[in-house]
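Trainee: Got a minute? I'd like to go through this one with you before I set anything up.
Mentor: Sure, pull it up and ask away.

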Amino acid sequence: QVQLVESGGGFVQAGGSLRLSCAASGSISSFNTMGWYRQAPGKQREMVATITRDDSTDYVDSVKGRFTISRDNGQNTVHLQMNSLKPEDTAVYYCSAKRLPWTPRAWGQGTLVTVSS
């Protein structure tokens, strides 16, 4: 079993920055894809950013140019640098990992990001 623990959420004013971290049990190199998802009350959970084992990245259009996903294989940690935050970025952010396309996705417990105007 794998455990994912998110940290770094908090309160920030519009235009500010936060850096989220996801610490995984075991080597993150064993995961084909890791990423960040978010969910606001009354809305669907959406993919925010993903990174593959070969360092390919993908972002939802609304965060392109503002968010950056990265990996630290030595610390088995995935980060999400969030700049120029907007109130609509307010959500619970979840770390997720998947070893192979046909294996179950693992989820962290989430960290709350609140952006005020």
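Trainee: Let's begin with strand 4 and strand 5: how many residues sit between them in the hairpin?
Mentor: Six residues lie between strand 4 and strand 5 there. Keep in mind that this is a predicted model. In that turn, Gly42 has a positive phi of about 80 degrees.

Trainee: And in which sense do strand 4 and strand 5 pair?
Mentor: Antiparallel, over six bridges. For one residue pair to look at, take Tyr37, whose bridge partner in strand 5 is Met47.

Trainee: What about strand 5 and strand 6, how many bridges join them?
Mentor: Three, and those two strands run antiparallel. Ile51 has Thr57 in strand 6 as its bridge partner. They form a hairpin too, with four residues between the strands.

Trainee: Which residue in that second turn has a positive phi?
Mentor: Asp55, at about 75 degrees.

Trainee: Is strand 5 mostly buried or exposed?
Mentor: Five of its seven residues are buried, so strand 5 is largely enclosed by the rest of the structure.

Trainee: OK, switching to charges. How many salt bridges does the structure hold?
Mentor: Five. One of them pairs Arg71 with Asp55, with the closest N and O atoms 2.8 Å apart. That links distant parts of the chain: Arg71 is in strand 7, while Asp55 is in the loop between strand 5 and strand 6, 16 residues away.

Trainee: So Asp55 turns up again. Which residues are joined into one network by salt bridges that share partners?
Mentor: Arg38, Glu46, Arg66 and Asp89. Within that group, Arg38 bridges to Glu46, and their closest N and O atoms are 2.7 Å apart. Arg38 also meets Asp89 in a salt bridge, at 2.9 Å from N to O.

Trainee: Why does that Asp89 and Arg38 pair tie together separate parts of the sequence?
Mentor: Asp89 lies in the loop between strand 8 and strand 9 and Arg38 in strand 4, so the pair connects parts 51 residues apart in sequence.

Trainee: Are those side chains buried or exposed?
Mentor: Both Asp89 and Arg38 are buried. For Arg38 the relative accessible area is 6%. Glu46 comes out partly exposed, with 30%.

Trainee: Next topic, cysteines. Which two does the disulfide join?
Mentor: Cys22 and Cys95, with an S to S distance of 2.0 Å. The structure holds one disulfide.

Trainee: Where do those cysteines lie?
Mentor: Cys22 is in strand 3 and Cys95 in strand 9, so the pair ties together parts that are 73 residues apart in sequence. Both cysteines are buried.

Trainee: Left-handed or right-handed, and why?
Mentor: The torsion about the S-S bond of Cys22 and Cys95 is about -80 degrees, so this disulfide is left-handed.

Trainee: Last thing, backbone angles. What is phi for Asn76?
Mentor: Near 50 degrees, which is a positive value in a residue other than glycine. Asn76 is in the loop between strand 7 and strand 8. Ser84 also has a positive phi, about 50 degrees, although it is not a glycine.

Trainee: Where is Ser84?
Mentor: In the loop between strand 8 and strand 9. At 41% relative accessibility, Ser84 counts as partly exposed.

Terms used. Residues numbered from 1 in each chain as written. Predicted model: local features only at pLDDT ≥ 70, side-chain atom pairs only at ≥ 80, totals over all residues. Heavy atoms only, no water. Disulfide = S-S within 2.5 Å. Buried < 20%, exposed > 50% of the residue type's maximum accessible area, 1.4 Å probe, protein only. Salt bridge = Lys/Arg side-chain N within 4 Å of Asp/Glu carboxyl O. Pairing = 2+ DSSP bridges.
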